[in-house]
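Dear colleague,

Please find below the structure that I am handing over to you. The findings follow directly after it.

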Amino acid sequence: MMKDSIKKYFIHTYGCQMNVHESEKLAGVLCQHGYVKAEEDAEADIIVFNTCCIRESAETRVLGNLGHAKKLKEANPDLIIAICGCMPQKAGTAEMLKKRCPFIDIIFGTHNLSLFGEYLDKVENEGKKVLEIWHEERQIKELDTIKRDEGVSAWVNIMYGCNNFCSYCIVPYVKGRERSRSIDEIVGEINSLVKEGYKEITLLGQNVNSYNFVDEKNNHYDFADVLDIVSDIEGDFRIKFMTSHPKDISEKVVKTIADKQKLAKYIHLPLQSGSDRILKLMNRKYDSAQYLAKVDMIRNYIPDCGITSDIIVGFPTETNEDFEATETVVRKVCFNNLFTFIYSRRSGTVADKMDGQIDIKTKRERIKHLIDLQFGLGLRKAEEQIGKNGCVLCEKLIGGKGYGKSQNDTPVTFDSDEPLETGKFYNVKIKSHRNTKLYGTVINKIGD
Ligand code: SAH
Ligand code: SF4
Ligand code: F3S
């Protein structure tokens, strides 16, 4: 049988939203090179692994899927395999991949993503293999060949990198120092996205609150300025952002969120631990009282603000008492949602060299406790919503029902007497909940 003459690509994406967005940029480059998206990797002419190394489990998954790609390549020697992102950027990993996986054609890191097209040309036209890692960031070079996934939401980078060096975290080592994108570029991109019909824009950065840009006229812009400026862009759309470091979220930012209608009333505010001793070891630069004060400040200005968080259990030396302190803060705040992680040792980080690493059994017990605790609190949050009205963006339709998120980022399934449309905002009354999921009915459509 003749092989399909149209070249196809498949991208495996791991990790955070920033990586998901980065994959949209890689997809744009592939489309420019004449590729179309394959439904599965088995039918692709190129497979790209856009990787994450935040926890060991992320890397194990990549290595497992590389094994599968190796088999595909044995059956089809013309298949191109590329790996990029945070994993090859980690010290020593690119060389390890070259040795252990000689079937990979292109290996590159986070700082040279914009050169993907050139690397692809080298492999396609000259039959050469490429391994190129830059060890430090250079000036931001945006790829404007973004092929966004279909839907009503779009991501926009506002900054890159992280300067915080939390002692457990690999991100500053693989994403480099903080760089903020120019305000004009950000506004320009959002303007066109809104004109294209996107209804939800998420501003992305490892710590968006550190946004800091000085233009050629020496005007300074901080994150609150970005929020202020982008929420004045004309159109019917909603703005979200992630992620915020608790030490940096300012009253100015919170006031702006409260004042501007386009800004979702939602903040992801990673706590990591509720124990002051552990927070210090983690180099988080706040204690539990300061964290709780930020939560109070947020709820003062925005009473129904959705607040979600990340927590790591089993950080080196974490005792039962430390863990109980975390549970206490979780109970006090009553988060809308919680992302819980088992501490994973990352070579090159400060915490990796600490004594008192915790055994896996204890870590598993603690994470289970925390998940159970949050489940109960989530039920309470869901119950509080019953009878309330809120603005929900219809993201998709499933069996005639609408599905989307409320202003405070809670997922809602809803029905209506009138036919529903994706990309429209609806005023929805919450009628019931099943576990932490909310169900409601449309009161009226908002806007045209
Ligand atoms: N920049 C974001 C987080 C990026 S990583 C922030 O600071 O909020 C996402 C989450 O992964 C972190 O919030 C943390 O909870 C978790 N994480 C990071 N390193 C980890 C590690 N070594 N082991 C387990 N979880 C980790
Ligand atoms: Fe990692 Fe801390 Fe930076 Fe977040 S703020 S990316 S957890 S070092
Ligand atoms: Fe992972 Fe890199 Fe994001 S390590 S969490 S993909 S910044």
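**Loops and backbone geometry**

Thr 243 has its place in the loop between strand E13 (238-242) and helix H9 (251-259). Please note that the model is a predicted one. The peptide bond that joins Met 242 to Thr 243 is cis, with omega at about 5°. Two further backbone entries concern the sign of phi. Asn 218 is not a glycine, yet its phi is positive, at about 65°. This residue belongs to the loop between strand E11 (212-214) and strand E12 (220-222), and Asn 218 is exposed, its relative accessible area being 54%. Lys 285, also a residue other than glycine, has a positive phi near 70°. The loop that holds Lys 285 runs between helix H10 (276-281) and helix H11 (288-301). With a relative accessible area of 51%, Lys 285 is exposed. These cases are listed because most residues other than glycine have a negative phi and most peptide bonds are trans.

**The chain as a whole**

The chain contains 13 helices and 21 strands. Its radius of gyration is 23 Å, close to the 22 Å that the globule rule gives for 448 residues, so the chain is as compact as a globular protein of that length. The C-alpha trace spans about 65 × 60 × 50 Å along its principal axes. Of the 448 residues, 54% count as buried. The area that the chain exposes is about 20,900 Å², and carbon and sulfur atoms supply 49% of it. When contacts between residues at least 6 apart in sequence are considered, 73% of them join residues at least 24 apart.

**Ligand 1**

Which residues are the closest to ligand 1? They are Gln 206, Pro 270, Gln 272, Asp 310 and Ser 344, within a shell of 15 residues. By class, this shell comprises seven nonpolar, four polar and four charged residues. Strand E15 (306-313) and strand E16 (337-342) each contribute at least two residues to the shell.

Three polar distances may be of use to you:

- From a nitrogen atom of ligand 1 to an N or O atom in the side chain of Gln 206, the distance is 2.8 Å.
- From a nitrogen atom of ligand 1 to a polar backbone atom of Ser 344, the distance is 2.9 Å.
- From an oxygen atom of ligand 1 to an N or O atom in the side chain of Arg 55, the distance is 3.1 Å.

On its own, ligand 1 has 540 Å² of accessible area, of which the protein covers 89%.

**Ligand 2**

The shell around ligand 2 includes Cys 162, Cys 166 and Cys 169. Asn 164, Phe 165, Tyr 168, Val 171 and Pro 172 also belong to this shell, as do Gln 206, His 245 and Arg 284. Seven of the shell residues are nonpolar, three are polar and one is charged. Gln 206 is thus listed around ligand 2 and also among the closest residues to ligand 1.

**Individual residues**

Asp 409 is located in the loop between strand E18 (401-406) and strand E19 (411-415). Is Asp 409 buried or exposed? Asp 409 has a relative accessible area of 16% and is therefore buried, the cut-off for that class being under 20%. Leaving aside residues up to four places away in sequence, Asp 409 touches Lys 240 and Tyr 266. With Lys 240 there is a polar contact between the two side chains, at 2.7 Å.

Leu 397 forms part of strand E17 (residues 389-398). Its relative accessibility is 39%, so Leu 397 counts as partly exposed. Beyond residues up to four places away in sequence, Leu 397 touches Gly 402, Leu 420 and Thr 422. Leu 420 is 23 residues from Leu 397 along the chain, and their C-alpha atoms are separated by 7.7 Å.

Lys 99 is part of helix H4 (residues 93-100). A relative accessible area of 73% makes Lys 99 exposed. Lys 99 and Cys 53 are 46 residues apart along the chain, with 19 Å between their C-alpha atoms.

Yours sincerely

Conventions. Residues are numbered from 1 along each chain as its sequence is written. Chains are lettered from A and ligands numbered from 1 in the order in which they are written. This is a predicted model: local features need pLDDT of at least 70, side-chain atom pairs count only at pLDDT 80 or more; totals for chains, interfaces and linings use all residues. Side-chain values use heavy atoms; hydrogens and water are left out. A residue is near a molecule or strand if one of its heavy atoms lies within 4 Å of it. Ala, Val, Leu, Ile, Met, Phe, Trp, Tyr, Cys and Pro count as nonpolar, Asp, Glu, Lys and Arg as charged, and the others, Gly among them, as polar. Helices (H or I, at least four residues) and strands (E, at least two) are DSSP runs, numbered from the N terminus. The radius of gyration is taken over C-alpha atoms; the globule rule is 2.2 Å times the number of residues to the power 0.38. Buried means under 20% relative accessible area, exposed over 50%, partly exposed in between (1.4 Å probe, protein chains only). Contact means heavy atoms within 4.5 Å. Accessible areas come from the Shrake-Rupley method with a 1.4 Å probe; for residues, only the protein chains shown count as cover. A polar contact is a pair of N or O atoms within 3.5 Å; within protein, one must be able to donate a hydrogen and the other to accept it, and residues adjacent in sequence count only if both atoms are side-chain atoms.
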